[in-house]
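Student: Could you take me on a close look at one small part of this structure? I would like to begin with a single residue and then see how the rest fits around that starting point.

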Amino acid sequence: MDAVSIDDLSKEYGLLKALSEVRLTIAEGSFFALLGPNGAGKSTLINILAGLTRATSGRAAILGCDVRRQWRKARRQLGVVPQELAYDPFFTVREMLTLQSGYFGLGKENRPWLNELIVALDLEDKIDTTMNHLSGGMKRRVLIAQALVHRPPVVILDEPTAGVDVALRAQLWSFIRGLNAKGHTIILTTHYLEEAESMCEKIAILDRGRLVALAPKDELLSRYSWRQLRLQLVPESPVVLPDVLEAKRQAAPQGELLLRLHREHDHIGEVLAALEQAGVKFSDLWIHEPGLTEVYTELTAVENHA
Amino acid sequence: MPNLYGLYILFAREVWRFLKVFIQTILTPVITVLLYLLIFSSVISSSREMLPGVNYLTFLIPGLMVMAMLQNSFANSSSSLFQSRLNGNVIFMLLAPISDFELYLAFVGAAVVRGVLVGLGVWLASCFFAMVPLRHPLYALLLVFFCCGSLGSLGLVAAIIADKWDHISAFQNFVIVPFSFLSGVFFSISDLPEFWQQASHYNPFFYLVDGFRYTCLGVSEIPVFTSLWVGAGFFVLSSTWALWLLHRGYNLRS
Ligand SMILES: Nc1ncnc2c1ncn2[C@@H]1O[C@H](COP(=O)(O)OP(=O)(O)O)[C@@H](O)[C@H]1O
Ligand SMILES: [Mg+2]
């Protein structure tokens with residue numbers, strides 16, 4: 001069964017189409033990234049799944065439970081870490097976790113799990129503190145714990161690492177990876193493309209409410225067909241290139257040569273042979289494979305021209 | 001299947017919240033009412049007969065109790081929900097498997113508890129001035145429930161509709177307070193000019209005050225059953241309004 005299935009989902013805010021007929025499924029147990037520029041509709045999509053926003057049309061389901069018709073079951077299967085650092089100023093961390101667990105119908109029997117969460121997220125020192133006395137990173141951790149009180153099989157994190165320092169970010173990722181290893185489906189949105197690139201198997205890209213890409217990461221990466229060859233030239237080397245190569249040349253710093261090559265049509269071997277023939281001498285070489293940044297930029301840029 | 005434990009925890013949270021700041025939520029309102037009691041009882045001669053066999057002080061106390069209950073039930077649900085909306089932490093209850101009706105019960109339940117606690121506080125304080133009897137406890141319970149339940153529901157309505165704190169306090173200062181001052185707490189409406197006497201009959205608070213006074217003293221300006229019916233109707237209407245807004249998800253699940 002799919003962890004999440006979304007069918008023809010649209011959301012309008014007056015004239016603004018925050019989501020336009022989005023259709024996608026997310027397999028159980030996967031590590032899924034939802035990317036897109038600001039205002040693309042990522043949070044709107046997440047809020048519809050969580051029941052915080054109602055879609056204008058279309059359907060969404062969590063593990064087969066429709067978010068509107070079987071809302072109770074759908075919500076029990078879903079944990080959401082919201083984008084905003086929202087908190088209740090009246091209660092301490094422990095009280096908040098206990099209340100949240102109670103809202104899901106779980107009483108004392110759930111206490112060992114709450115303690116486990118507190119330890120796993122390194123919150124032991126802060127359990128008797130109210131949230132307004134915690135740093136941003138700490139608040140984020142409490143929000144993650146709060147989303148997990150009912151051990152939801154599907155976990156959504158909306159920009160979990162926004163405003164979190166590097167050390168904590170690494171810690172959070174290892175925690176989230178651990179959840180995924182235990183079988184939780186993880187869905188996240190992030191601005192940090194490197195994060196999505198290193199962690200997620202499958203990626204969807206939203207742009208202005210439209211799904212512009214939905215594919216396994218490798219497939220998405222292979223869609224971008226250019227790579228760069230960079231050469232460190234020997235000081236007296238001539239740099240007069242044959243026309244074919246000159247056309248691929250890009251601006252480069254003094255003493256370097258930069259060529260933009262097509263992944264399929266330009267064979268590295270042939271290019272190097274042609275360079276040798278032209279008498280180009282180099283001391284070192286690098287090939288820069290495209291990353292998600294390039295794919296992402298290209299996809300969202302194409303949309304902008306449409 | 002209803003989430004009874006979740007409902008209970010949300011209710012407990014609401015009660016716990018106001019108990020954490022009980023000086024502001026219980027003590028202060030009781031003291032405010034105590035001041036009214038001091039001022040009005042010293043300005044107006046206590047020997048003055050308001051209703052047959054009822055002096056001013058005894059007349060005043062049940063009315064003040066109702067006024068305190070009205071204002072505090074409203075304050076509880078409105079400030080709690082609106083603050084959660086402002087802080088954004090309202091999403092944590094909206095994410096949970098708690099239905100609109102369960103949310104309504106939890107908030108209104110807590111508003112009733114706060115109203116009753118403040119009402120009891122006023123009664124305790126009033127014992128230093130005069131002992132007010134309780135002649136019809138069952139009717140009294142019903143009226144207290146209608147009174148706090150209705151205002152708890154209106155508090156939810158205000159918290160859902162409001163966009164800023166100003167809106168909540170406007171509702172409080174321009175609706176709740178004037179209606180409770182004009183409900184015959186401090187005077188008998190038969191002392192009013194004809195127009196205001198008529199107008200008072202459209203004020204539901206008047207029925208709650210007069211009805212509650214009857215359950216204490218056994219005398220009133222209008223029959224207690226009329227007050228009970230109006231109270232019940234008021235409760236049903238305000239609850240329906242709150243539940244309808246919750247059902248539509250207005251400003252909560254937009
Ligand atoms: N409650 C709302 N009312 C009106 N417009 C909204 C509301 N929420 C979001 N939007 C608009 O919908 C679009 C998508 O927003 P959002 O889902 O928050 O984007 P993202 O999370 O991808 O940055 C934006 O243009 C935003 O301004
Ligand atoms: Mg967002």
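Tutor: Happy to! Let's start at Gly79(A), which counts as buried because its relative accessibility is 1%, and the cut-off for buried is under 20%. Keep in mind as we go that this is a predicted model. Gly79(A) belongs to strand S6 of chain A.

What does Gly79(A) touch, once its neighbours within four places in sequence are left aside? The contacts are Ala147(A), His150(A), Pro152(A), Val154(A), Val155(A) and Ile156(A). Look at Ile156(A) for a moment: this residue is 77 residues away from Gly79(A) in sequence, yet their C-alpha atoms are 6.1 Å apart in space.

That pairing fits a wider pattern in the chain. Among the contacts in chain A with a separation of 6 or more, 70% are between residues 24 or more positions apart. Chain A has 306 residues, and 52% of them count as buried. Its secondary structure comes to eleven helices and 14 strands, and its C-alpha atoms fill a box of roughly 75 × 45 × 35 Å along the principal axes.

Now follow strand S6 onward. Strand S6 covers residues 78-81, and the loop between this strand and helix H3 (93-103) of chain A holds Gln83(A). What does Gln83(A) do in the model? Through its OE1 atom, Gln83(A) is one of the protein donors of the magnesium ion (ligand 2), together with the OG atom of Ser43(A), and the two lie 2.1 to 2.2 Å from the ion. Ser43(A) sits in helix H1 of chain A, 40 residues from Gln83(A), and the pair links distant parts of the chain. Are these two donors buried or partly exposed? Ser43(A) counts as partly exposed because its relative accessibility is 21%, and Gln83(A) counts as partly exposed too, at 29%.

Next along from Ser43(A) comes Thr44(A), found in helix H1, which spans residues 42-50 of chain A. Thr44(A) is buried, with a relative accessible area of 12%. Not counting residues up to four places away in sequence, Thr44(A) touches Lys11(A), Tyr13(A), Ala18(A) and Leu19(A).

Those contacts bring us to strand S2 (residues 16-27) of chain A, where Glu21(A) is found. Glu21(A) is not a glycine, but it has a positive phi of about 40 degrees. Glu159(A) also has a positive phi, near 50 degrees, in a residue other than glycine. Where is Glu159(A)? This residue lies in the loop between strand S7 (154-158) and helix H6 (166-181) of chain A. Glu159(A) counts as buried because its relative accessibility is 7%. Here we come back to our starting point, as Val154(A), Val155(A) and Ile156(A) are among the contacts of Gly79(A).

One last stop, in chain B. Helix H6 (residues 137-161) and helix H10 (residues 224-248) of chain B pack at an angle of about 25 degrees, with their axes 8 Å apart. That angle makes H6(B) roughly parallel to H10(B), because angles under 35 degrees count that way. Their crossing is left-handed, and the residues of this contact divide into 21 nonpolar, seven polar and no charged.

Methods:
Residues are numbered from 1 along each chain as its sequence is written. Chains are lettered from A and ligands numbered from 1 in the order in which they are written. This is a predicted model: local features need pLDDT of at least 70, side-chain atom pairs count only at pLDDT 80 or more; totals for chains, interfaces and linings use all residues. Side-chain values use heavy atoms; hydrogens and water are left out. Helices (H or I, at least four residues) and strands (E, at least two) are DSSP runs, numbered from the N terminus. Buried means under 20% relative accessible area, exposed over 50%, partly exposed in between (1.4 Å probe, protein chains only). Contact means heavy atoms within 4.5 Å. Axes are lines fitted to C-alpha atoms, for helices over the stretch in contact, and angles run from 0 to 180 degrees between N-to-C directions. Angles under 35 degrees count as roughly parallel, over 145 as roughly antiparallel, 65 to 115 as roughly perpendicular and the rest as oblique. A crossing is left-handed if the near helix is turned anticlockwise from the far one by less than a right angle, and right-handed if clockwise. Ala, Val, Leu, Ile, Met, Phe, Trp, Tyr, Cys and Pro count as nonpolar, Asp, Glu, Lys and Arg as charged, and the others, Gly among them, as polar. Donors are N, O and S atoms within 2.8 Å of the metal (3.2 Å for Na, K and Ca); water is not among the atoms, so sites may look incomplete.
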